Structure formats: C-alpha cells, structure tokens
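Please keep the sequence and the structure side by side while reading this note. The points below go from single residues to the whole chain.

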Amino acid sequence: MEVSSRSCEDTATDVCWCSVHLSRASHFSGPGLLGSLCTRTEHVVVELVDMATLDFRQQVSLVASSDVLMGFHGAALGHIPMLPEYGGILEMWHQPTWRCLEVVAALSGRLHVIWENPDLKAVQHLPNGKGERIRVHIPGVLEKARSLVSMVAAAKRRAASLLQEVIAQ
C-alpha cells in the first residue's frame, strides 16, 4: 500500500481505523460502523488500514496525515505522538487494564477515548494464543467515535483559524 498525504477538503476529519488483521475488522467497513461516522455537521473520511502490511515509515506517514486513530488496544495504535497536535485516539478494549496508550496520549497532548466491553462472555480466545475476538456494541462505539470526531474537528478548526491569523499578520 502506498501512503501519501491525502487530498481531501481542509475541513474533513481523517479517521484511520487501524487493525493488525483486517479480516477481523471487515464487519466495520462499508455502510456499517465506519460509514456511520459522518454526522450532519462533520465531513469524515475513513480509511481502513492493516498496519502489519506497512513498513515503519509508511505507518508514521499515515498517522501524521490522520486526525483520529481508531482500533482495538494494541501496537497498531502506538504512533499516537505522530498525530497532529489536535488529534485523538479511540481505543477499544474488552477490559482496560494496561493504560499505556492512554498515558502516551496524555503525555503527547492528544485526546484519548476508551470504549470497553467488560462482559467477559463477549471475548473468545483464539486457539494457540493467537489473539481474541471481541463482540462489539456498535451503537456504543459509534457514540464514542462521533464524540471524539466532533472534538477533534473543532480543535482542527481552531488550529486552522489560528494559522490563518498568523499568516495574516
């Protein structure tokens, strides 16, 4: 996959759904969760990405050109400091116990939102320790995602406005 800067409207909010295994996230694409992120007031561009297929430089480039990262807790979300200063992350968990990404987001000044499903019956461990499947409550994730996208979009508009003021001087 070739990653380059995106040519979308300045007002668009770019959301990168990060996954290590796209086959496990495929039910989020299309008109489902990702297609539902658009609100009446925000223009949202969503890209579903398998971070395992990108080299380090491509991953950093992708994150730097995104406004929001979304995905399940894991290394695919680890580039938080590379987000723009107004950027944010939606980290999905079945039971948040390791707060490392939350700490990285706080230390780098990025917004951080957690969606969790504490129902242990929603977790299916895969054989041979190859991960887990987690049932997701789509309306709950959408609520968190829309809230984060709105906050990031507002921060992006403020940053653009400040930049215009500086340029005008």
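1. Ala-75 is a good place to begin, because with a relative accessible area of 71% it counts as exposed, the cut-off for that word being over 50%. In this predicted model, Ala-75 sits in the loop that runs between strand S3 and strand S4, the latter covering residues 88-93. When you look for a partner in space, note that Ala-75 and Leu-101 are 26 residues apart in sequence, while their C-alpha atoms are 9.3 Å apart.

2. Ser-65 is also found in a loop, this one between H2 and strand S3, which spans residues 68-72. Is Ser-65 buried or exposed? Ser-65 has a relative accessible area of 17% and is therefore buried, since buried is the word for values under 20%. A polar atom of the Ser-65 side chain lies 3.0 Å from the backbone oxygen of Leu-62.

3. Leu-62 belongs to helix H2, which covers residues 56-64, and is one of the buried residues there, together with Gln-58, Gln-59, Val-60 and Val-63. In reading such a list it helps to recall that an α-helix has 3.6 residues a turn, so residues three or four places apart point the same way. At the N-terminal end of H2, Asp-55 acts as a cap, with one of its side-chain oxygens 3.1 Å from the backbone nitrogen of Arg-57.

4. Turning to the whole protein, the secondary structure consists of four helices and seven strands, and these follow one another along the sequence in the pattern β-α-β-α-β-β-α-β-β-β-α. Of the contacts with a separation of 6 or more, 60% are made by residues that stand 24 or more positions apart.

5. How much of the protein is buried? Of its 169 residues, 41% are buried, and the protein exposes about 9500 Å², of which carbon and sulfur atoms supply 55%.

6. A word of care about confidence is needed, since this is a predicted model. The average pLDDT of the protein is 75, and 66% of the residues score at least 70. Over residues 1-9 the pLDDT stays under 50, and the model has 17 contacts beyond four places in sequence for this stretch. Residues 20-31 likewise keep a pLDDT under 50, and for them the model has 25 contacts beyond four places in sequence.

Methods:
Residues numbered from 1 in each chain as written. Predicted model: local features only at pLDDT ≥ 70, side-chain atom pairs only at ≥ 80, totals over all residues. Heavy atoms only, no water. Buried < 20%, exposed > 50% of the residue type's maximum accessible area, 1.4 Å probe, protein only. Helix = DSSP H or I, 4+ residues; strand = E, 2+ residues; numbered from the N terminus. Polar contact = N/O pair within 3.5 Å; in protein donor to acceptor, adjacent residues only side chain to side chain. pLDDT = per-residue confidence, 0-100. Contact = heavy atoms within 4.5 Å. Areas by Shrake-Rupley, 256 points an atom, 1.4 Å probe, with all protein chains shown as cover.
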